[in-house]
Amino acid sequence: MAAAAPAFQSLVHDAERFGYLKPKDVARLEEAYRFSEAAHAGQTRQSGDPYISHPLAVAEILAGWHLDGQTLMAALLHDVTEDTSVTKDEISDTFGKPVAELVDGVSKLDKIEFTSAEHVQAENFRKMLLAMARDVRVILIKLADRLHNMRTLGAVSPAKRRRIARETMEIYAPIANRLGLNALYHELQELAFSHLFPLRFQVLAKATKAARGNRREMIGKTLDAVKKKLADGGIAATVHGREKHVYSTYRKMIEKHLSFSEVHDIFGIRIIVEDIPTCYLAMGAMHGLYKPIPGKFKDYIAIPKANGYQSIHTDLIGPYGVPVEVQVRTEQMHRLAESGVASHWLYKDETDQLSDLQKQTHRWLQSLLEIQHQSGDPREFLEHVKVDLFPDEVYVFTPKGKILSLPRGATTVDFAYAVHTDIGNRCVAAKVNGELVPLRQELRNGDRVEIITASHAKPNPGWLQYVRTGKARSNIRHFLKTMQYEESASLGERLLDQALRALKGSAAEVDDASWERVVRDGGARSKEELLADIGLGKRLPAVVARLLLKRMDSHEDAKTSVTIRGTEGMAVQLATCCRPIPGDGIVGSIKKGQGLVVHQLDCPAIVRSRKNEPDQWLDVEWDPRTTRLFQAAIHITVENQRGVLARVASQIAEAGSNIDSIATEEDRALFTTMHFIIEVANRQHLARVMRSLRRLPDVKRLARAKE
Ligand code: MN
């Protein structure tokens, strides 16, 4: 413990690294260091180094990007909540909420592991990481953490090394690229490549070194000629030769089927000048020096790349016929190209000549990260970069670790349909992160979602009120429509059967030719459609029956009836005015577009219609095999006593019934009337429930409700 402290002391006082911070911040940083060191005391890394060396190195990398004091403190503390007993609250109490939030954000990212090698999955994973870290600084800490782990990867087991290297190549390097952190992007790629393909890396690195030696003279000559040409033209510029990265050489060889020398024989030069007009002057000078290769000129100053990158590119035929790639850019463009999002922190202490860069960075962040932000000072905005990187999407896991992207506000039902239409059609419940939740639950980034299905389950029309995806919506609609059609057709068949029997006929005696004739004359497309029309009340069963039997003027015998089970779904509706249950005498009427509506025989709501329009009504009977539960309404008047509602409710439950809804109204000070809708199998069951309720001394009056 004591041994590491002096090392940090010297770092803090190293003006090169931490000198840009205020003394007050440096003092806080030292506190964070001691806190972290104490928390990690006794822990070592795979390499055998004391654990504190890792967070310290991460903080150093971030200091290299000139990040603020909070970020550096969080970097020093980034592993304590994971690896020690320290809690988020403790960090918040000691170092403030922003630091605790940053540490928490990094720990959350650490918990998710990338498992699939699929390209789409990698892209979703990157987006999810970005979306979960709403503060860009969390990503920057995570990237610095990854960089240090990659630099010290030699110490871990080969299997883990490959996994981390692959994850770096597929996830973290592209994120660095997307954030414009170019130097980091290339270093992560080189390191990942060296661990994924150690042999290829060694061979190519060696060849690169050798080629550099062989071409030293040519490179020197070209650089001298370029510098002289610029000086002759009165153009102030700095000129650098560019090294090719081993990994990009490898990629070019693979993708373009080129040999090493074909790829590597290209020499790169970067020219950095003061302002944009000078960029074009320098480019002109270069075209005057060596012949440009047609079709290779690209002006990314006039039209910047999507990540904000700006430069002019051109390819020339250099001395000895060697191609030379030239990039021309201003100092500001160079900073943005090298350090992207971090360039804001890197250069923010310089004078206002940089406000242009800041504006540019701001604009770039805005477009790249699709931020909706309230108008305000761009500098202030950047200092609290709480960005919602993908405001319209959430990323969630399937139980197998696959990542799905859904629109924001999507529910577990949307998830179920996104996995498979059958899963959606049969879902009955959902678990999010291991806990049962209602189906309408909205999903959040990183949720692990599991759908529970049942073979008999069907989509519920109520789902349409909260699903967000078009896929879920159209599948639910389609299912309901098909289901309603089938139900209606089956009800239509029974209604027609009844009508045929009333005419002393039967379905068996109707031949195919009669069917065809009636279907065609009726303008239907099929027998099925004709039956569905009957079920939906669009055609009268008696009329169709007469047409089928060609008995236009015979009289019906009213003594037949349709049986219903109550499980027909939307084709048969039990009227809510009287709520008929098995055992009740019932009667039905066919309403256009609604199918068969069933009432109790003595329902007061239908007295007038039965008298005035007797044709509308038909006899209906309960199918004795019905097994479902039906809703019945009861009124109970009780004395106002403590706990009376609980006593009534438990009495109902004990009689084997469920309570669907309760409404109460206060009659007088002494009594309360409660309106229950309960579920019962039939009349006998309801009678049992009512008998047991009467036994309660609180109950003064009790009746089945009929409107
Ligand atoms: Mn770490």
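**Figure 1. The exposed and buried sides of helix 14.** Arg 216, Glu 217, Asp 224, Lys 228, Ala 231 and Asp 232 are exposed on one side of helix 14, whereas Met 218, Ile 219, Thr 222, Leu 223, Val 226 and Leu 230 of this helix are buried. Buried stands for under 20% relative accessible area and exposed for over 50%, with partly exposed in between (1.4 Å probe, protein chains only). The model is predicted: local features need pLDDT of at least 70 and side-chain atom pairs count only at pLDDT 80 or more, while totals for chains, interfaces and linings use all residues. Residues are numbered from 1 along each chain as its sequence is written, and side-chain values use heavy atoms, with hydrogens and water left out. Helices (H or I, at least four residues) and strands (E, at least two) are DSSP runs numbered from the N terminus. Viewed down the axis of helix 14, the buried residues fall within an arc of 125° and therefore line one face of the helix; the arc is taken over the directions from the helix axis to the C-beta atoms.

**Figure 2. Length and surroundings of helix 14.** Helix 14 (residues 216-232) has 17 residues, which at 1.5 Å a residue should span 24 Å, and this agrees with the 24 Å between its end C-alpha atoms. The expected span is 1.5 Å times one less than the number of residues. Among the elements that cover the buried residues of helix 14 are strand 1 (237-242), strand 2 (267-273), helix 17 (276-289) and strand 6 (323-330). Contact here and below means heavy atoms within 4.5 Å. Just after the helix, Gly 234 adopts a positive phi of about 70°.

**Figure 3. The manganese site.** Four residues coordinate the manganese ion at 2.2 to 2.6 Å: His 54 (NE2), His 78 (NE2), Asp 79 (OD) and Asp 145 (OD). Donors are N, O and S atoms within 2.8 Å of the metal (3.2 Å for Na, K and Ca); water is not among the atoms, so sites may look incomplete. Along the chain, the donors follow the spacing H-x23-H-D-x65-D. Distant parts of the chain are linked by the pair of His 54 in helix 4 (residues 53-64) and Asp 145 in helix 10 (residues 136-151), which are 91 residues apart. Both His 54 and Asp 145 are buried.

**Figure 4. The antiparallel sheet of strands 10, 9 and 11.** This open sheet has 3 strands in the order 10-9-11, with antiparallel pairing; two strands pair if DSSP finds at least two bridges between them. Strand 10 (435-437) and strand 11 (449-453) stand at the edges with a single partner strand each, so one side of each has no neighbour in the sheet. From one strand to the next, the twist averages 35°. Axes are lines fitted to C-alpha atoms, for helices over the stretch in contact, and angles run from 0 to 180 degrees between N-to-C directions. Strand 9 (residues 427-432) is joined to strand 11 by 5 bridges in the antiparallel sense, and Lys 431 has Glu 450 as its bridge partner in strand 11. Helix 22 (residues 412-419) packs on the sheet and touches strand 9, strand 10 and strand 11, its direction making about 80° with that of strand 11.

**Figure 5. The mixed sheet and helix 24.** In this open sheet, 5 strands follow the order 12-16-14-15-13 with mixed pairing. Strand 12 and strand 13 (572-574) are the edge strands, each pairing on one side only. Neighbouring strands are turned by 40° against each other on average, direction ignored. Helix 24 (residues 470-502) lies across strand 12, strand 13, strand 14, strand 15 and strand 16, and runs at about 150° to strand 12.

**Figure 6. Strand pairings within the mixed sheet.** Strand 12 (residues 562-564) and strand 16 (residues 617-622) run parallel and are joined by 3 bridges; Trp 622 of strand 16 is the bridge partner of Ile 564. Strand 14 (residues 586-591) is joined to strand 16 by 3 bridges in the antiparallel sense. In strand 16, Trp 617 is the bridge partner of Ser 589, and Leu 618 is that of Gly 588. Strand 14 also runs antiparallel to strand 15, with 6 bridges between them, and Lys 591 has Gly 595 of strand 15 as a bridge partner. Strand 14 is mostly covered, with 5 of its 6 residues buried. Strand 13 pairs with strand 15 (residues 595-600) in the parallel sense over 3 bridges; Val 597 in strand 15 is the bridge partner of Gln 573.
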